[in-house]
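The exercises below concern the interior of a protein, its enclosed space and its nonpolar packing. Please work through each task with the structure open before reading the solution.

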Amino acid sequence: MEKHPAFLCIDNPHQELYYLRMLRSREKMERKKMEEENQCKRKLKVCVATCNRADYSKLAPIMSGIKMHPDEFELEVVVLGSHLIDDYGNTFRMIEQDDFDIGSKLHTIVRGEDEAAMVESVGLALVKLPDVLQRLSPDILVIHGDRFDALALATAAALMNIRILHVEGGEVSGTIDDSIRHAISKLAHYHACCTRGAEQHLIAMCEDHTRILLAGCPVYDKLLSSNHRDDYMDIIKSWLGDDSQECEYIVALQHPVTTDIQHSIKIYGLMLDALLSFNKKTLILYPNIDAGSKEMVRVMRKKGIEQHPNFRAVKHIPFEQFIQLVKHAGCMIGNSSCGVREAGAFGTPVINLGTRQTGRETGENVLHVRDADTHNKIYHALELQFGKRYPCSKIYGDGNAVPRILKFLRAIDLNEPLQKTFCFPPVRDCISQDIDHILETQSALAVDLGGTNLRVAIVSMRGKIVRKYTQSNPKTFEARMQLMLKMCADAMQDTVSLNCRILGVGVSTGGRVNPQEGVVLHSTKLIQEWSSVDLRTPISDALHLPVWIDNDGNCAALAERKFGHGKGVENFVTVITGTGIGGGIIHHNELVHGSTFCAAELGHIMVSLEGPECSCGSTGCIEAYASGLALQREAKRLHDEDQLKVDGLDMKLTEPITAAHLINAARLGNSKADAVLNKASTALGIGIINILHIVNPTLVILSGVLASYYQAPVKRIILERALDSAQKIEVVTTDLEEPALLGAASMVLDYATRRLY
């Protein structure tokens, strides 16, 4: 036997045997290491199973995301259920048209459309699925929702030790769907849910919170990215006729309620009667394959719906066209989850009939008709809803679900034990579901529309500024709006990597604001005299988010109420001492706006009948004495009169004269500067005394760059001149570094925690 070169010099056979064993052991370790490295580089094999047109619309964005990363994922598609039935449109063809390769087609539906047929269909699926799953051998099986077909998928996969990712678990909708959905959640190993409420339900069901992703609904990724299509009128006319008009038609979609079939058929008939009486063009989709659907079709045919000139009855519409039809409809009616979920993204008015969606989280666009004995109640609901428009609702997503789900899939460790572990009580309460405990953070996008700079920030629920963006503020309205929207869009892109979920946008701006309409009624000169400018609409349209707007002084008060000295204080006043003088009043825990939205214009409280001219056009206002601009004006006057100089004061010839020079001169003994500041402090103190005597707060919070200077003299003037009952009111300076941004964010975050603003 030829010896290894390393052993040619070894004569002792025992030594040679020792070194040979050592070499083989080393080679074995290297091979094992290479196998582990190859295992780490192996693609994750993801099987997506779709049962019907409804779940495919939710799964298609995930499938597209997986397909776009062929170096990381291997996609397998299994089609079963009503996809393969001619009466329901053979909707498997739309999957092929979307360029997905279908690995397996399973005919699993036993016809009959009754309770027994549903049970038999589950059994047939369980018979056929093992061969398919064994052949495909996926790492992860992705299942959606609450259909009986999906229950068969989850049962088969769980028994075959295949990991399951359940999409849209934890929701509550009533009927047998709840039981099926929760059963699938108990079989699933991982969860991608849509809402905070659904996440809480899963945690309450003892699911491991580390395996729950709050992703949002995947369909919102497509809804918000393809929200506007120029050819939407062509789509409307192709389905409803050439004489159809936007917002002048109804979309109707109602399914059986399997726990009360006869009642759901009755409601279906009443809906058709109401639609016939309402006399509007109506696109009506056939019900799904659940027990009772055959009877509902009989009711539709008995009433002549398929031949009626106002109606167009269809089995299936491609999703991209269907969402355009829903978006531009005058109303949607029925009990489809699309009405309480997707329609909210467009503000389309919806009438939800019966109990099928009981428990669903809904936007304000949904009007519920729980029960009806005649069609009159439904007809009246149509009168109330038809043609309305509502604010866009983002309860179910922000358009970034798929990137989150892909990131979640990448993080799955196939080496960890397959056996599920449950987190039994005590259940974590909602306070612990925060930044340190969950995958992503509820946050607000805050905008501070200042005179010099435009600032945007991502602010967390706890008031932490996660990231801030600053740009010089353009002078024209068009340029300012364009820059604001770009900065907000850039911030929204960063939220995915920062694990932040934006709940809305808050805007702080100078001037008089109507927060109910989101309109700047009259601005300060600092932002070029905007007048009657609607800020809410362009921001909401661009970002698909709710928007709140208020005056910067009011925002400072809101920031103190949520994050600062005003937290837990029922009555307090915030006074901003900066370039101008402003503020906000919190009375009985609520912000005071006034009848014409000019309450808390604290800078324009008059403290003298013959004072200096103010920027508002009047004379003797606090702002004319005590603002940064007023002090700068006095500093320049003294400088021009050569009365500002004092030993120790460093004044460079090239630098502009500011209020800081005046304050420093006074501290160094300049009597002229001291007299100016004494008059300014007195004016501010008297103004605050007037506030104390009118609203009687328990706390005054000074904010702005001059706050620390004014605190002591204001306290002294209150002791000297206020009523005895007001002299002990506390005066503090703010601890908040960014009150305008934090106040803008608090409008969003207070609403998100269901506090009325």
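**Exercise 1.** Explain where the largest cavity lies with respect to domain 1 (44–217) and domain 2 (223–385).

*Solution.* In this predicted model, begin with the lining: domain 1 and domain 2 both give residues to it, so the largest cavity lies between them. Next, take its extent, which is a volume of about 640 Å³, and note that the structure holds six cavities of 30 Å³ or more. Then turn to the 37 residues that line the largest cavity, of which N52, A54, D55, H255 and S337 lie nearest its centre. Among the helices, α2 (53–67), α6 (175–187), α12 (319–327) and α13 (337–340) each supply at least two lining residues, and α2 gives the most, with five. Finally, sort the lining by character, which yields 10 nonpolar, 13 polar and 14 charged residues.

**Exercise 2.** Work out which residues of the largest nonpolar core touch the most other members, and where this core lies.

*Solution.* Of the 62 residues in this core, M271, I284, I333 and L382 touch the most other members. Helix α10 (residues 261–278) contributes the largest share, 10 residues. Because domain 1 (44–217) and domain 2 (223–385) both give residues to the core, it lies between them. As a closer look at one member, M271 is in contact with A252, Q254, I284, I333, G334, L353 and I378, once its neighbours within four places in sequence are left aside. A last step is to locate the second, separate core of 40 residues, which includes A635, L644, I663 and V731.

Methods:
Residues numbered from 1 in each chain as written. Predicted model: local features only at pLDDT ≥ 70, side-chain atom pairs only at ≥ 80, totals over all residues. Heavy atoms only, no water. Core = buried A, V, L, I, M, F, W, Y, C linked by side-chain atoms within 4.5 Å. Buried < 20%, exposed > 50% of the residue type's maximum accessible area, 1.4 Å probe, protein only. Helix = DSSP H or I, 4+ residues; strand = E, 2+ residues; numbered from the N terminus. Domains from an automatic or database assignment. Contact = heavy atoms within 4.5 Å. 1 Å grid on protein atoms, 1.4 Å probe; cavity = no way out; pocket = protein on both sides within 12 Å on 5 of 7 lines; lining within 4 Å. Points joined across faces, edges and corners; volume = space filled by probe spheres on them. Nonpolar A, V, L, I, M, F, W, Y, C, P; charged D, E, K, R; others polar.
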